[in-house]
Amino acid sequence: MNIGYARISTDNQVMDAQIAALKDAGCEKIFTETASGAKKDRPVLAEVLDYLRPHAEDKLVVFKLDRVARSLPHLIEIMDRLNQNGIEFQSLSEAIDTKTPGGRLLFHVMGAISAFERDLIIERTQAGLKAAREKGRVGGRPKKMTADKVNAVRELLANGIPVKDAAAAVGVSVPTLYRWLPGASRSSVP
């Protein structure tokens, strides 16, 4: 059974062309939704995915890829779910049909691109963290304050040491220092 999914982003748009194309493609049931494609959690899309029957020769049909997902990782996530359940996928505008060898090839190429994109993000993040460390900034979770550190900070502050220097002396950030000094505010701590 061909199941159609049509989506528009705002009420000002119309989906008549999508619905007509889905009907021409033999969709027996068409779900419609008005929601931004940037939103991953769309109730009607979730309903469509739940409606499709695993291993029952169902096919999800969309007018265009961006109607079902705005990002490649989200599209791959949806496609993986469909594939695991033996559900075919077809995008009319891009002529993608996972029932055909060419459609499956294109799907795998998209998956490879998605993995490449994830690897690039990880690589850029690692490079950014390294550059920050070289400049003396440390990423990650703030270090924890111990009772000894709290007492040391109180003593430093009582001796007129600036907050920033007191935090650095015990190896924590200024916000962490404020969180661990009960009742202290930025204005009450010298």
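This is a short walk through two helix pairs and a few loop residues in the structure above. Please keep in mind that the model is predicted.

Let us begin with helix 2, which spans residues 43-51. Val44, Leu45, Val48 and Leu49 of this helix are buried. These four residues cover an arc of only 140° around the axis, which puts them on the same side of helix 2. If you turn to the face directed away from that buried side, you will find the exposed residues Pro43 and Asp50. What lies over the buried residues of helix 2? The cover includes strand 1 (2-8), strand 2 (27-34) and strand 3, together with helix 3 and helix 4.

Helix 4, one of those covering elements, deserves a look of its own. Two packed helices are described by the angle between their axes and the distance between the axes. For helix 2 and helix 4 (residues 72-84), the angle is about 25° and the axes are 11 Å apart. That angle makes helix 2 roughly parallel to helix 4. The crossing of helix 2 with helix 4 is right-handed. On the helix 2 side, the contact is made by Leu45, Leu49 and Asp50, while helix 4 contributes His74, Ile78, Arg81 and Leu82. Sorted by character, the residues of this contact comprise four nonpolar, one polar and two charged. Leu45 and Leu49 take part in this contact and also belong to the buried set of helix 2. Asp50, by contrast, joins the contact although it is among the exposed residues on the face turned away from the buried side.

Following the chain beyond helix 2, we come to the loop between helix 2 and strand 3, where His55 is found. Its phi is near 55°, a positive value in a residue other than glycine. Is His55 buried or exposed? It counts as exposed, because its relative accessibility is 61%. Glu57 also has its place in the loop between helix 2 and strand 3. Here phi is near 60°, again positive in a residue that is not glycine. With a relative accessible area of 64%, Glu57 is exposed.

A contrasting loop residue is Ile87, located between helix 4 and strand 4 (88-91). Ile87 counts as buried, because its relative accessibility is 6%, which falls under the 20% cut-off for that class. Which residues does Ile87 touch, leaving aside neighbours within four places in sequence? They are Leu52, Arg53, Pro54, Asp58, Lys59, Leu60 and Leu82. Leu82 is familiar by now as one of the helix 4 residues that meet helix 2. Ile87 can also be placed relative to Leu49: the two are 38 residues apart in sequence, with their C-alpha atoms 9.8 Å apart in space.

Another loop residue to find is Phe63, in the loop between strand 3 (59-62) and helix 3 (65-68). Phe63 counts as partly exposed, because its relative accessibility is 28%. Not counting residues up to four places away in sequence, Phe63 touches Tyr5, Gln18, Ala21 and Leu22, as well as Ser91, Leu92, Ser93 and Glu94. Leu120, on the other hand, is 57 residues from Phe63 in sequence and 30 Å from it in space, C-alpha to C-alpha.

Now move along to the second helix pair. Helix 6 (residues 147-158) and helix 7 (residues 163-170) have axes that come within 9 Å and cross at roughly 150°. Helix 6 passes helix 7 in a right-handed crossing. In this contact, Lys149, Ala152, Val153, Leu156 and Leu157 of helix 6 meet Val163, Ala166, Ala169 and Val170 of helix 7. What is the make-up of the contact of helix 6 with helix 7? Its residues divide into eight nonpolar, no polar and one charged.

Helix 7 also has a buried side, with Val163, Ala166, Ala167 and Val170 counted as buried. Their arc around the axis is only 100°, which puts them on the same side of helix 7. The face turned away from that side carries the exposed residues Lys164, Ala168 and Ala169. Helix 6 and helix 8 (174-180) are included in what covers the buried residues of helix 7. Finally, just after helix 7, look for Gly171, whose phi is positive at about 80°.

Note on methods. Residues numbered from 1 in each chain as written. Predicted model: local features only at pLDDT ≥ 70, side-chain atom pairs only at ≥ 80, totals over all residues. Heavy atoms only, no water. Axes fitted to C-alpha atoms, helices over the stretch in contact; angles between N-to-C directions. Helix = DSSP H or I, 4+ residues; strand = E, 2+ residues; numbered from the N terminus. Parallel < 35°, antiparallel > 145°, perpendicular 65-115°, else oblique. Left-handed = near helix turned anticlockwise from the far one by under 90°. Contact = heavy atoms within 4.5 Å. Nonpolar A, V, L, I, M, F, W, Y, C, P; charged D, E, K, R; others polar. Buried < 20%, exposed > 50% of the residue type's maximum accessible area, 1.4 Å probe, protein only. Arc of directions from axis to C-beta.
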